[in-house]
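Open the structure in your viewer and keep the selection panel at hand. The tour starts at one residue, moves out to the whole chain, and ends inside.

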Amino acid sequence: MSREDVDRRTFLQYGGAAAATAASVGLAGCGDSGNGNGNGNGNGNGNGNGETDTPDDGAEAELRTYDGELSDDPTRTEVLQHVNGLAHEQAPWVFLHQQFSIYGINDDVSWDARADESIYVREFETDLDEITVSQGQLLETLDPTGENATPQYNIIDQAYDNFLGREDDTGRPLEGIVTDWERTDDLEIELQIRGDVEFHNGNDLDPSDVAFSINRANNPDVSEVADNLGDINEARAEDGNVILDLDSLTPTIFRNLTAFGRVVSESWVNDDSNDISTEINGTGPYELDEYVEGTRVSFTKFDAYWGEEPDPNAVTFNGIPEDGPRVDALISGDSDLITNVRPGDIPDVQEADGVGFEDVPSIRNIFLVQNDAFEPFDSQEFRQAMNFAVDVESIINSILNEFGNQTSQPTLPGHNGHNGDLDPYPHDPERAEALVEASGHAGVEIELHTPVGRYLRDADIAEAAASQIDELDNVSCTANRRDFGDLVGELLAPQDESPAFFLIGWGNPTLDGDYAMSPWFTEGPFQHFNNDEMAELLQQARNIPE
């Protein structure tokens with residue numbers, strides 16, 4: 001979207017939609033909001049797996065079902081599409097929307113916002129000598145495998161390199177530190193490593209550093225991404241290349257290498273005088289200048305960078321949790337790029353001198369997790385009831401001003417394994433109430449936990465959803481605003497100690513259905529739903545070649 005253009009979505013701001021509160025959305029939930037998006041309804045990618053059985057709307061306590069069938073020898077994509085169908089039927093989540101990324105940006109900076117939400121300052125075209133980027137959160141550690149979150153990567157990726165680059169719209173691997181990659185056997189990968197690469201401390205990069213970096217990223221004792229990198233037994237340097245010995249086929253291995261883990265120096269990490277949580281020694285275009293925990297991370301240009309020289313000489317990242325103050329920082333000139341501009345703040349940005357906005361549909365899915373370790377969320381009837389209770393179209397229109405596409409499943413349109421035969425749940429409070437009665441949990445009181453400032457209007461969305469659920473005659477629901485870090489810490493606890501009901505966003509940098517679903521539906525720290533059929537099929541997909 002051009003910064004100068006004001007399209008239909010932006011006109012809604014001036015028409016008063018921006019003033020709609022979460023409570024008013026909840027009260028308006030019974031109406032037909034008439035969303036004109038048409039983007040999130042699962043159109044395209046049809047696979048013939050089956051259709052969602054949608055009975056007549058009304059007070060029927062009838063479950064939605066998925067009647068897709070798999071052939072005896074399905075492709076990997078067909079298996080993933082089938083699991084998406086089962087997820088739609090089992091309703092482990094209240095399916096909400098695909099998030100749009102909306103950035104405020106200084107007019108002196110030219111940059112194409114990326115769907116994968118990555119911010120690489122080396123992609124900025126500008127005459128500015130210094131750049132300041134403000135996010136909703138900063139980070140917890142400078143260790144490149146110490147946290148698996150976009151705000152973390154946006155900061156450390158100024159100084160650390162991925163193993164492989166990534167094409168933004170397809171997830172296709174691109175040359176990076178690894179210049180060529182090949183599957184030489186079902187369980188063996190060969191990686192060719194770029195020469196003439198220097199770490200910030202002056203040491204030359206060696207293939208053994210890349211092997212060490214992969215092994216470290218895959219070590220659950222030190223890495224938060226160990227479950228995501230792949231089923232790697234060992235990475236080793238051999239004849240100037242790196243060989244990956246796999247324990248299983250891992251069809252997404254090259255996509256995984258674009259997203260998880262970063263290149264570090266083996267000798268530097270193993271030197272006890274260095275602290276990887278507060279210091280950086282990477283191969284990226286910027287080197288660490290200053291780290292003030294909880295306040296800012298500053299970088300200066302690394303003159304010996306192997307790639308194209310970036311424009312700005314220096315860049316600083318800071319965290320501003322509240323939406324309004326982030327916009328104020330942009331308009332005042334204290335920030336040159338800010339994340340998560342509220343749709344209602346777009347007119348203020350457009351009317352200000354020297355700034356504008358960019359938006360793009362992202363790779364992030366926003367949903368409400370229904371943890372089946374707890375009542376009433378162990379009931380399929382209740383879980384589906386919550387999907388019928390929440391008026392997602394109303395939330396997209398009134399809170400997000402149409403900056404969002406309604407979803408029907410864990411995998412987003414355009415990503416491998418998306419099932420185009422699934423329609424989103426319609427808003428049907430009467431059917432929701434009937435399903436609650438059928439679940440045996442009528443009169444239950446539930447609490448929806450939500451982060452504040454991590455995702456676009458996250459708390460407002462959660463409060464609207466809670467209000468709509470609370471409108472049911474037989475369910476009471478409240479929203480609880482939480483610090484994002486505290487909430488994540490709790491949801492990573494064992495499933496029976498995690499919150500029962502919470503809003504979260506899940507980015508999918510591999511653009512593959514495995515990463516959209518396996519962390520949530522198979523054994524691991526993110527699992528909040530137990531279904532043997534789904535788990536077995538996801539494991540089956542991990543052993544089918546692309």
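Select L368 first: in this predicted model, its relative accessibility is 0%, so L368 counts as buried, the cut-off being under 20%. Colour by secondary structure, and L368 appears in strand β17, which covers residues 355–370.

Next, show what surrounds that side chain. Beyond its neighbours within four places in sequence, L368 is in contact with P92, W93, V94, L96, L448, A465, F501, F502 and L503. Now add I504 and draw a C-alpha to C-alpha distance: I504 and L368 are 6.4 Å apart in space but 136 residues apart in sequence.

Zoom out to the protein chain. Its 546 residues include 60% that count as buried, and its secondary structure consists of 17 helices and 21 strands. Among contacts with a separation of 6 or more, 71% join residues 24 or more positions apart. Switch on the accessible surface, which comes to about 20,500 Å², with 39% of that belonging to carbon and sulfur atoms.

Then turn to the interior, where there are 4 cavities of 30 Å³ or more. The largest cavity has a volume of about 160 Å³. To find it, select T150, N154, T339, N340 and R454, which lie nearest its centre among the 16 lining residues. Two elements give two or more residues to this lining, β3 (93–106) and α4 (150–156).

Which element gives the largest share of the lining? Select β3, which supplies 4 residues. Finally, colour the lining of the largest cavity by class: 10 residues are polar, 3 nonpolar and 3 charged.

Terms used
Residues are numbered from 1 along each chain as its sequence is written. This is a predicted model: local features need pLDDT of at least 70, side-chain atom pairs count only at pLDDT 80 or more; totals for chains, interfaces and linings use all residues. Side-chain values use heavy atoms; hydrogens and water are left out. Buried means under 20% relative accessible area, exposed over 50%, partly exposed in between (1.4 Å probe, protein chains only). Contact means heavy atoms within 4.5 Å. Accessible areas come from the Shrake-Rupley method with a 1.4 Å probe; for residues, only the protein chains shown count as cover. On a 1 Å grid over the protein atoms alone, a cavity is a set of points where a 1.4 Å probe fits but cannot get out, and a pocket is an open set with protein on both sides within 12 Å along at least five of seven lines; lining residues have an atom within 4 Å of a point. Grid points are joined across faces, edges and corners, and a volume is the space filled by probe spheres set on the points. Ala, Val, Leu, Ile, Met, Phe, Trp, Tyr, Cys and Pro count as nonpolar, Asp, Glu, Lys and Arg as charged, and the others, Gly among them, as polar.
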